[in-house]
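Reader: I would like to go through the contacts between chains and between domains here. Please keep the answers short.

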Amino acid sequence: MGRFVVRRVLQAIPVLIGVTFLIYCLVFLLPGDPIRALMGEKQDPHLALVLRAKYHLDDPLVVQYWHYITGVFRGDLGTTYTGRPISDIVSQRFPVTLKLSLTAFGFEAVIGILAGIFSALRRGKFLDNVVFIATLFLISIPVFVLGNVLQLELGVNWKLTPVAGIEDGWPASYVLPGLVLASTSMAYIARLTRTSMIESVRSDYVRTAIAKGLPRRRVIGVHALRNSLIPVVTFLGMDLGSLMGGAIITERVFNLPGIGGQLAQSVSLREGPVIVGLVTLLILIYLVANLAVDVLYAVLDPRIRYE
Amino acid sequence: MTIIEDAVPAPRGSDEETAPLLEVRDLHVEFHTREGVAKAVNGVNYTVSAGETLAVLGESGSGKSVTAQAVMGILDMPPARIPRGEILFRGQDMLKMSREERRKIRGAQIAMIFQDALSALNPVLTVGYQLGEMFRVHNGMSRKDAKARSIELMDRVKIPAAAARVNDYPHQFSGGMRQRIMIAMALALEPDLIIADEPTTALDVTVQAQVMDLLAELQREYQMGLILITHDLGVVADVADKIAVMYAGRIVETAPVHELYKRPAHPYTRGLLDSIPRLDQKGQELYAIKGLPPNLLHIPAGCAFNARCPKAQDICREKVPALFPVTEPDGTELPGRGSACHFWKETIHG
Amino acid sequence: MSEQIIERPVPADGPTAKAPDPGGKPERVASLWRDGWYDLRRRPMFLISGFIIVCLLILAVAPGLFTSRSPFSDGFCDLSHSMDGPRSGHWFGYDVQGCDIYTRTVWGTRNSIIVGVVSTILTTALGGVIGILAGLWGGWADSLISRVSEIFYALPILIGGLLIMSMVGSSNVWTVAVVLSVLGWPQVFRIMRGEVIGNKYNDYVAAARALGAGPLRIAFRHILPNTLAPIVVVSTMNLGVYIAAEASLSYLGIGVQSPDISWGLMISDAQDRWLTSPHALLFPAGALSLTVLAFIMLGDVVRDAFDPKLR
């Protein structure tokens with residue numbers, strides 16, 4: 001088990017380095033000179049030189065990247081060109097995105113899995129068809145459309161939820177955005193759970209469980225469910241990263257001051273270090289989530305451990 | 001204890017002492033598929049008594065497993081349907097029982113051993129858990145006691161170092177050991193009847209014999225009824241008391257085991273026996289029954305075997321043969337023997 | 001990580017093991033397509049989605065058939081009508097610039113369809129070719145390519161799109177399509193690679209190799225036909241996903257740029273006044289949802305009909 005985790009961690013490192021390098025290249029190939037842009041009207045050649053040296057801007061890209069990535073491994077995400085630590089921005093913005101993503105994650109896991117299980121157990125019946133049509137719509141309606149519609153209906157017309165912003169704190173301000181952000185994944189989870197559940201209900205070991213005279217509750221709850229959740233857990237773990245990426249749209253619809261809004265703003269302002277810092281953080285979370293899934297996967301499926 | 005109860009149903013055994021353990025009467029099973037109705041079992045009758053071993057022989061698709069699953073109550077319904085028939089266990093028709101009543105019989109009084117233990121055991125639960133579940137669910141035993149009993153069981157089926165392996169997962173065992181775990185699971189509550197569906201097919205030949213011997217030994221010890229489903233004539237010879245040969249959802253021949261080998265009374269049985277490779281036939285071409293088993297969606301009229309039968313006459317294409325009692329040429333009854341062939345006399349005596 | 005899903009340990013003699021089928025390979029593949037097509041035609045969802053998609057294609061190719069106005073002509077927009085609601089002759093109302101929403105929605109179809117189709121083709125070609133090569137080569141080349149694909153896979157499509165689009169500078173439907181493909185190829189790659197590796201060791205491939213078939217012949221004649229079904233399925237499903245992705249990028253202001261028309265952009269423009277005049281958002285949103293729905297439905301039925309694992 002320990003060796004398994006170590007191997008997975010080692011495999012994740014090249015991906016982290018690769019992604020950050022890719023982003024680094026993308027960001028610093030952006031047209032325009034950030035220092036010149038920073039100084040605006042008051043160009044000072046001397047200060048410009050100092051700043052360029054400080055941010056290693058005249059070094060080759062690979063060297064710049066080296067300075068950066070070693071910093072990341074020391075826990076230093078760097079500073080903006082105005083000297084503000086990026087960790088400062090992160091600590092201000094990140095909790096919003098994290099709360100939003102985790103709320104969404106909870107919704108998609110609970111609602112998605114339950115819908116999938118009931119759909120599988122009532123296969124071909126009314127409830128199954130309802131769930132199927134619901135997933136079709138959730139997948140088809142873009143998040144920003146769904147977000148706007150629900151905001152108008154639940155927030156403005158029925159006054160059930162705050163319309164926008166985070167003034168009401170968690171959970172009030174995050175329920176509706178979380179639900180909206182979760183919508184697409186929730187549908188995929190429901191479908192995946194259904195397929196996987198149907199497959200395991202048909203399996204030989206479930207037939208054995210029935211032949212043992214176990215009550216139906218136990219056959220489904222212990223023997224079928226345990227196996228059919230394995231792919232679902234995998235999807236959930238990989239999806240945590242995508243949720244944080246997708247939060248960028250939900251944050252805009254509901255005017256939440258999270259990472260997404262900051263990222264969009266920094267891209268338009270060409271704030272390279274901020275972009276790289278934030279994206280690196282998102283990727284890091286994605287990789288950690290994947291790692292957690294791998295470990296969980298090995299716990300859920302004992303066949304993996306002994307390969 | 002005859003197994004020929006074709007047209008006239010035997011009088012109901014009201015007394016448990018004299019009634020057979022299991023009696024299947026005129027059982028029909030059909031599957032409703034997109035292509036039509038597949039008639040998998042078409043009027044099967046058999047009985048099994050305590051301590052007796054019935055071998056059900058047939059190719060895949062002959063209905064031998066479906067019959068067993070119907071007895072066990074594990075058919076998926078739908079698509080399966082049982083339009084007719086009775087399955088009497090200790091004189092009570094299980095098809096008329098409530099779900100809950102049937103569930104309580106499953107595992108506790110009738111248990112089943114499946115062919116491929118690797119897929120039949122749950123891959124993500126330890127064998128100890130899966131064995132212990134029998135005691136916990138049926139007897140309300142505590143987790144700890146159930147585990148102790150599981151270890152005893154594993155010892156009983158001769159799994160080495162049972163106490164150390166009780167927390168292992170099925171994939172960590174060899175094929176033979178896994179099948180022993182299946183046997184242990186079936187045996188856990190000392191059922192009256194065990195149905196073994198091709199219990200050794202997935203195993204190596206050397207292991208096959210060991211597992212078969214174990215099963216026979218345990219059956220003798222506990223005086224259980226055993227239904228052994230197989231397509232392998234070799235497995236049957238040493239273990240079974242009587243044999244029922246199935247073809248296209250019907251029993252085509254029944255006989256005490258050694259009589260069947262000596263004097264088959266149905267051309268299909270004869271074909272099966274002739275297709276066993278034998279050492280004294282070295283150099284000769286192997287015999288094989290020509291043609292393929294019939295499509296269960298369109299079972300031919302008359303005897304289902306007629307298209308493949310070397311003896312087929314016009315009557316075979318018109319009239320379904322009943323299971324005729326088989327006698328000696330002088331009319332002496334041969335107990336337990338029957339053949340569903342219009343020309344059984346020619347087959348057995350000719 | 002999902003290698004584990006693809007390469008789950010399968011009991012060698014278990015019922016799930018792919019049935020080796022040494023002879024009659026092309027017949028089996030052909031019958032898969034025939035059965036699939038037969039299956040498709042009888043599904044109402046296929047007919048519904050097919051009908052919607054045909055309508056959308058006609059709209060995309062010839063928007064002039066449905067509206068006499070052109071959104072690019074002088075005097076098309078009239079600020080005095082800004083945000084006016086639906087009325088006779090202007091059934092969808094006007095947007096903030098006083099442009100007729102119906103005409104713009106009709107003309108917006110083309111960009112959505114272009115992005116959907118072009119991204120899907122590019123993704124499939126890119127992922128498919130790289131997947132075949134990696135699967136056939138194996139060894140270190142395969143490992144290297146797989147790691148690279150993981151790097152792209154780790155980049156969420158919106159974040160990656162945001163970065164690349166802002167770097168590209170000029171953004172229009174074609175650059176959006178290219179960017180989506182650059183970010184999307186690992187998905188097809190993974191499936192293709194998995195299928196190639198899965199098929200590579202099948203008996204019929206070994207048989208072909210034993211008969212002296214070269215690697216290229218094996219790839220195209222023996223492996224490709226068997227891998228095509230899952231690729232077609234995933235590509236069909238991607239059509240809707242890419243159309244939605246374009247709208248999302250345009251909604252964020254980094255996709256299709258004004259004066260070019262995109263439903264995502266129209267929705268973004270209408271959002272500020274959504275609470276007071278919802279019509280400006282609802283019509284492009286409805287068109288977008290219906291389009292994505294049609295392609296998702298198509299993907300669903302195609303998967304049900306052609307995915308041999310579900311047969």
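Author: Domain bounds here come from an automatic or database domain assignment. The model is a predicted one.

Reader: Which domains does the assignment give for chain A?

Author: The assignment for chain A gives two ranges. Domain 1 covers 2-73, and domain 2 covers 92-300.

Reader: How many residues of domain 1 of chain A are in contact with domain 2 of chain A?

Author: The C-alpha centres of these domains of chain A lie 33 Å apart. Contact is counted between C-beta atoms, placed from the backbone, within 7 Å. On that count, 13 residues of domain 2 of chain A are met by domain 1 of chain A with 19 residues.

Reader: Which element supplies the largest share of that side of domain 1 of chain A?

Author: Helices H1 (2-28), H2 (34-39) and H4 (61-73) of chain A each give two or more residues to the side that touches domain 2. By class, this side has 16 nonpolar, 2 polar and 1 charged. The largest share is 13 residues, and it comes from H1(A).

Reader: How many residues does the contact take from chain C and from chain A?

Author: This contact joins two chains. It takes 38 residues from chain C and, from chain A, 44 residues.

Reader: Which element gives the largest share of the side of chain C that touches chain A?

Author: Helices of chain C that supply at least two residues each include H1 (3-6), H5 (139-154), H9 (215-251) and H11 (279-306). The side of chain C that touches chain A divides into 28 nonpolar, 8 polar and 2 charged residues. Its largest share, 8 residues, comes from H11(C).

Terms used:
Residues are numbered from 1 along each chain as its sequence is written. Chains are lettered from A and ligands numbered from 1 in the order in which they are written. This is a predicted model: local features need pLDDT of at least 70, side-chain atom pairs count only at pLDDT 80 or more; totals for chains, interfaces and linings use all residues. Helices (H or I, at least four residues) and strands (E, at least two) are DSSP runs, numbered from the N terminus. Ala, Val, Leu, Ile, Met, Phe, Trp, Tyr, Cys and Pro count as nonpolar, Asp, Glu, Lys and Arg as charged, and the others, Gly among them, as polar.
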